[in-house]
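Reader: I should be grateful for a close look at one part of this structure, namely the surroundings of the ligand. Which residues, elements and domains take part there?

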Amino acid sequence: MATWSAPGKVFLFGEHAVVYGKPGVAMAIKPRIYVTVRKSRNPTRAKSPYIEGCFREMGVRGSVYVRSMLPSSSGLGSSAAVTVATLSAINDEFRIGYSRDEIASAAYGIEKKVQKGKASTTDTYVATFGGMVLITGDSKRRLPPVNMHLVVGCSQVSHSTAKMVGQVGDMRNKHPGIVNPILDAIGEVTMSALHTFAKPKEFGCYMDINHALLEALGVGHPALTRLVLAARAAGAYGAKITGAGGGGSIIALCPKRAKSRVAGAIESCDARAVLTTIDTDGARKERTA
Ligand code: PMV
């Protein structure tokens, strides 16, 4: 029996702009998904297409048990985390010998297949390696980890990443002269914010600008606007949509003493708050009893 876990992720900056080759920053965050795999002669059929994809990829059969601390369908990378943790557990239980790079690339292949071609390498990379990553086109550079106090607000409004990416693409085709400068500006915000990890007020200000630019791209939602405003009013340094928008989640950077207040403000808007910080481990073997 082998148990492995993998973290969720947030986009700190640059979602949507990364689709057009602009820089963005994603970070692994603490809530994890735990997956236990056991060799079994009579495995039960996995209910998740991601888990099924993992067993197919590795060419073995076994039983699987999943325990998730990560809200699903909220733009926090839960499908990537379950895929990476399942592949890692199968790899260990059946002694297959995949490297971390191979796990990340197989996980991407599975997500892409299940999501009918609509997946980026970001989620599976971050779930495998953890930490903070600067994404530019196809390249990924790991950044030194920074400990920050974040509160995630899950709006409980469902969204589709593929739909939001398509919507931004349509808007760009229709108004290239307006949308391209917005995407460029998001890239500039990302690059400027990289110098302010030690200055949370400035960092928060860049988050606010990034949020306004995402709204200009049409990926806002009234529920997300409420959460962002509530977080800022409760003392956050800055707050923004994280991920594709149109629903899903926001993130707020907070002074340590304001974390609970910001979480309370988010929950009073009928949303779920998750207090979190960076996860530096990525996919990790857990002790099994
Ligand atoms: O909603 P999420 O967490 O899957 O993030 C999507 C981020 C986009 O930039 C909109 C799309 C992508 O593939 O990078």
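Author: The following account describes the ligand site and its surroundings. The model is predicted, and the values given below are computed from it.

One may begin with the place itself: the ligand takes up the space of the largest pocket. Around the ligand there are 13 residues, and those that come nearest are K9, H16, S120, T161 and A244.

Three of these residues may be considered through their polar atoms. For K9, the side chain is involved: one of its polar atoms lies 2.6 Å from an oxygen atom of the ligand. For H16, the backbone is involved, with a polar atom 2.9 Å from an oxygen atom of the ligand. The backbone also serves in A244, where an N or O atom lies 3.0 Å from a ligand oxygen atom. As for cover, the ligand taken alone exposes 380 Å², and the protein buries 88% of that area.

The character of the shell may be described next. Its residues comprise 5 nonpolar, 6 polar and 2 charged ones.

Finally, there is the question of where these residues belong in the chain. The strand β1 (2–13) supplies at least two residues of the shell, and so does the helix α5 (161–174). On the scale of domains, at least three residues of the shell come from domain 1 (2–145), and at least three come from domain 2 (150–276).

Key:
Residues are numbered from 1 along each chain as its sequence is written. This is a predicted model: local features need pLDDT of at least 70, side-chain atom pairs count only at pLDDT 80 or more; totals for chains, interfaces and linings use all residues. Side-chain values use heavy atoms; hydrogens and water are left out. A residue is near a molecule or strand if one of its heavy atoms lies within 4 Å of it. A polar contact is a pair of N or O atoms within 3.5 Å; within protein, one must be able to donate a hydrogen and the other to accept it, and residues adjacent in sequence count only if both atoms are side-chain atoms. Accessible areas come from the Shrake-Rupley method with a 1.4 Å probe; for residues, only the protein chains shown count as cover. On a 1 Å grid over the protein atoms alone, a cavity is a set of points where a 1.4 Å probe fits but cannot get out, and a pocket is an open set with protein on both sides within 12 Å along at least five of seven lines; lining residues have an atom within 4 Å of a point. A molecule sits in a cavity or pocket if more than half of its atoms lie within 2 Å of its grid points. Helices (H or I, at least four residues) and strands (E, at least two) are DSSP runs, numbered from the N terminus. Ala, Val, Leu, Ile, Met, Phe, Trp, Tyr, Cys and Pro count as nonpolar, Asp, Glu, Lys and Arg as charged, and the others, Gly among them, as polar. Domain bounds come from an automatic or database domain assignment.
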